2 protein chains.
Amino acid sequence: MKLYDGGRAPNPRRVRIFLAEKGIDIPLVPVDMGKLEHLGEAFARLNPMKQLPVLELDDGTILSETIAICRYLEELHPEPALFGRGVLGKARVEMWQRRVEFHLLGTIQAVFRHTHPAMKEMEVPQIREWAEANRPRVRAFLEILDRELAGRRFIAGDEFSVADITGFVSVQFMKPARIELPPELTHVGRWYNEIAARPSASA
Amino acid sequence: MKLYDGGRAPNPRRVRIFLAEKGIDIPLVPVDMGKLEHLGEAFARLNPMKQLPVLELDDGTILSETIAICRYLEELHPEPALFGRGVLGKARVEMWQRRVEFHLLGTIQAVFRHTHPAMKEMEVPQIREWAEANRPRVRAFLEILDRELAGRRFIAGDEFSVADITGFVSVQFMKPARIELPPELTHVGRWYNEIAARPSASA
């Protein structure tokens, strides 16, 4: 098994943090997103979506999509469970993972991709108005999350899950997107600091 | 258990088709999206994301997010398996479901929301340039899908899955988004007609 990795971008980081939490060691194959290597023909043969990361199994089977890769690894290495436990627990993790992915990672990504000079060749055309439409949505979701985190330790419940990984990587991604984390959202701040203190956070 | 339903919108339809394929009968509570009922305060107490559908369990527990609801129902009613079989089969369904969701449903949605007069109050501001940026992405993904469907019966493999539900609802959603399905994509056409002939298609 090997993992085609994309460095600091949010999705490659999500999978690396997932691996660190599971204690799984997979050889990484670096793909240079800065040099647009993932947009070339050679990489498109691996993943026609031209996105990272990509997991290649020993028989050559290709799996793409961050959450599909993580779920595959969860099936092979069930502990610690990062997609929840029990029928309802699993549904809650799925719900929160998706809420965070669409309403936080997705909106931050829209701001980043449509404003950052480094994205000029990847996001064509960059539409400033679309970035600005998404900026208040980042804040609106963080306010919802703050109310939720007032009542529990992690995003999807009392146990750390893949929803926290998506959330943590999203909040870190606010920095290159040049969005400030509102300091008055103290529950998000408490949660963020706790996740940042885990050894996996540097993966 | 009851399902807050949103009529013709793609996500409510995805869950209703899923229920029909499983042969599960759940009472529906209609929410009038045309009258923006889902954006009101009463509905926000059920789902702060203000999105449909929402599943309410008998103890009052709320589950939102189409795929979280479907996965919960899959755990309760495993057959027919719509999230794949076996470790790799499940990962393939997850991968394709997400590819279709992001690159087809998501791009069609961008075109629809940012051009259709009926979305004026729901998508503020409507950004014509963002719709136009997404239009070629719909086509690009359909071309990838056409090549894939040349070699197999369903989107994620030889069995019908939730990826086909997302794909089918997406292609139907092209009509209100006023995007034509390119007739030369004959494998997509063959697949679409086959899914449209299933009894669940009218759900």
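**Exercise 1. In β2(B), which residue is the bridge partner of B:Asp5?**

Solution. Keep in mind that you're looking at a predicted model.
- Start with the two strands: β1 of chain B covers residues 2-5, and β2 of chain B covers residues 28-30.
- Next, the direction: β1(B) and β2(B) run in the parallel sense, joined over 3 bridges.
- Now look across from B:Asp5, and you land on B:Pro30 in β2(B).

**Exercise 2. In which sense do β1 and β3 of chain B pair, and over how many bridges?**

Solution.
- Find β3 of chain B at residues 54-56.
- Compare its direction with that of β1(B): the pairing is antiparallel, over 3 bridges.
- For a checkpoint, pick B:Leu3 and look across; B:Leu55 of β3(B) sits opposite.

**Exercise 3. Over in chain A, work out the strand order of the open sheet and say which strands stand at the edges.**

Solution.
- Read across the sheet: 4 strands come in the order β2-β1-β3-β4, with mixed pairing.
- The edges are β2 (28-30) and β4 (62-64) of chain A; each has a single partner strand, so one side of each has no neighbour in the sheet.
- As for twist, neighbouring strands are turned against each other by 25 degrees on average, direction ignored.
- Zoom in on one edge: β3 (residues 54-56) of chain A and β4(A) pair in the antiparallel sense over 3 bridges.
- There, A:Val54 has A:Ser64 of β4(A) opposite.

**Exercise 4. Describe how α1 and α3 of chain A pack, and why they count as roughly parallel.**

Solution.
- Two packed helices are described by the angle between their axes and the distance between the axes.
- For α1 (residues 10-22) and α3 (residues 66-76) of chain A, the angle is about 15 degrees and the axes lie 9 Å apart.
- Angles under 35 degrees count as roughly parallel, so α1(A) and α3(A) fall into that class.
- The crossing of α1(A) past α3(A) is right-handed.
- On the α1(A) side, the contact uses A:Asn11, A:Arg14, A:Val15, A:Phe18, A:Leu19 and A:Lys22; α3(A) brings A:Thr66, A:Ile67, A:Ile69, A:Cys70, A:Leu73 and A:Glu74.
- Sort the contact residues by type and you get 7 nonpolar, 2 polar and 3 charged.

**Exercise 5. What does UniProt list for residues 1-81 of chain A?**

Solution.
- The unreviewed UniProt entry gives this span as "domain: GST N-terminal".
- In the model, residues 1-81 of chain A are 37% helix and 16% strand.
- From end to end, the C-alpha atoms of that span lie 21 Å apart.

Terms used. Residues numbered from 1 in each chain as written. Chains lettered and ligands numbered in written order. Predicted model: local features only at pLDDT ≥ 70, side-chain atom pairs only at ≥ 80, totals over all residues. Heavy atoms only, no water. UniProt positions renumbered as here; feature names shortened; annotations may be inferred. Axes fitted to C-alpha atoms, helices over the stretch in contact; angles between N-to-C directions. Parallel < 35°, antiparallel > 145°, perpendicular 65-115°, else oblique. Left-handed = near helix turned anticlockwise from the far one by under 90°. Contact = heavy atoms within 4.5 Å. Nonpolar A, V, L, I, M, F, W, Y, C, P; charged D, E, K, R; others polar. Pairing = 2+ DSSP bridges.
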